[in-house]
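Biologist: I am new to this structure. Please take one strand and walk me through it closely.

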Amino acid sequence: MLSDPVILSQVCGTNDSNLKLIEKHLGVPVFTKGNELSITQSDELIRQKFKFIIDRLSDELSENCSSGPELIESILNTGFENKSINKNFNAGEFAISIPGSTRKVYPKTKNQARLVEAFRKNDLVFATGPAGSGKTFLAIAESLRLLLSHKINSIILTRPIVEAGESLGFLPGDLQDKINPYLRPLYDSMNACISSEVVKKMQDNGIIEIAPLAYMRGRTLNNVAVILDEAQNTTREQMKMFLTRMGENSKVFITGDTTQIDLPKRVPSGLVQALEILKNIEEISIIEMDGSDVVRSPLVRKIVQAYENDKQS
């Protein structure tokens with residue numbers, strides 16, 4: 001039941017165009033009666049898929065998103081087929097529900113759905129891919145879900161500090177002031193999920209910790225979600241050090257883009273090495289994103305895909 005007639009109209013689409021796409025996708029007719037949408041399908045799996053599609057459509061439209069074909073396409077192709085067809089299917093697994101937040105975070109591509117599934121399955125997840133593919137944003141959202149659901153006690157955000165002509169030690173301010181510019185993208189992702197006031201309060205209380213990668217040495221990280229961003233700029237020694245910090249009930253999400261390594265030419269990337277030597281460990285998930293996963297902007301997607309095509313030629 002959709003109480004808002006405007007949202008109902010947008011869900012249905014012009015001349016019920018959205019409903020026709022949903023019907024084609026599910027293979028069953030969709031009926032409208034007043035402000036209700038329904039199907040006469042007894043198969044529980046189909047019914048859950050239908051409910052998920054309508055719930056997500058209404059959620060995203062409530063946030064003033066366009067109901068154009070790109071939104072419908074992303075919803076209908078977010079990886080249902082990645083789940084085995086059985087009675088334990090739970091469409092809610094495709095959404096990240098953050099307690100206290102007014103929004104759910106949905107994967108928008110098949111690879112993003114695979115990434116969310118990997119977060120739930122394994123304690124160590126590598127996500128590689130171009131800028132805008134959602135890897136860091138989804139890691140932030142999942143970490144906040146774990147924290148605010150009291151599954152962990154804190155979140156640590158870290159990244160290697162690769163300096164470009166300006167020494168970190170000579171930048172003004174204390175350590176927090178020095179590293180904040182490097183971690184601004186992580187703050188932006190957090191603020192997109194929950195209010196900046198809540199983020200600031202948790203940071204002041206030490207629940208969210210910001211630290212350069214070098215400060216991880218010697219620590220054992222228990223009951224925490226750790227996000228290592230820009231991991232392509234770790235050295236081999238840094239990556240090994242970081243991976244061996246994992247403690248009990250810890251979740252480690254490592255994100256990076258192997259096409260944008262800023263290390264000196266003769267310094268090999270720790271991320272590239274880790275992806276190769278850890279690829280056969282069953283308890284570790286490695287999700288590779290590509291240009292088709294870029295959701296930041298249609299133009300950014302075209303730019304990334306153009307570079308990918310140039311690399312292959």
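Modeller: What follows is a close look at strand β9 and its partners, with a short stop at a helix for contrast. Keep in mind that this is a predicted model.

Start with burial. Strand β9 covers residues 251–256. Six of its six residues are buried, so the strand is largely enclosed by the rest of the structure. Buried here means under 20% relative accessible area. Now look at the two sides. Lys251, Phe253 and Thr255 point one way. Val252, Ile254 and Gly256 point the other way. Both sets are buried.

Next, the neighbours. Strand β5, residues 124–128, pairs with β9 in the parallel sense. That pairing runs over five bridges. Within it, threonine 128 stands opposite glycine 256 of β9. Strand β8, residues 224–228, also pairs with β9 in the parallel sense, over four bridges. Here leucine 228 has isoleucine 254 of β9 as its bridge partner. How does the chain get from β8 to β9? It crosses through helix α9, residues 236–243, and this β-α-β crossover is right-handed.

Now the helix for contrast. In α2, residues 17–26, the buried residues are Asn18, Leu19, Ile22 and Leu26. Seen down the helix axis, they fall within an arc of 95°, so they line one face of α2. The face turned away from that buried side carries exposed Lys20 and Lys24. Just after α2 comes glycine 27, with a positive phi of about 80°.

So, back to the strand: β9 is buried on both sides, and β5 and β8 each pair with it in the parallel sense.

Terms used:
Residues are numbered from 1 along each chain as its sequence is written. This is a predicted model: local features need pLDDT of at least 70, side-chain atom pairs count only at pLDDT 80 or more; totals for chains, interfaces and linings use all residues. Side-chain values use heavy atoms; hydrogens and water are left out. Buried means under 20% relative accessible area, exposed over 50%, partly exposed in between (1.4 Å probe, protein chains only). Helices (H or I, at least four residues) and strands (E, at least two) are DSSP runs, numbered from the N terminus. Two strands pair if DSSP finds at least two bridges between them. A crossover is right-handed if, with the strands pointing away from the viewer, the path from the first strand over the helix to the second runs clockwise. The arc is that of the directions from the helix axis to the C-beta atoms.
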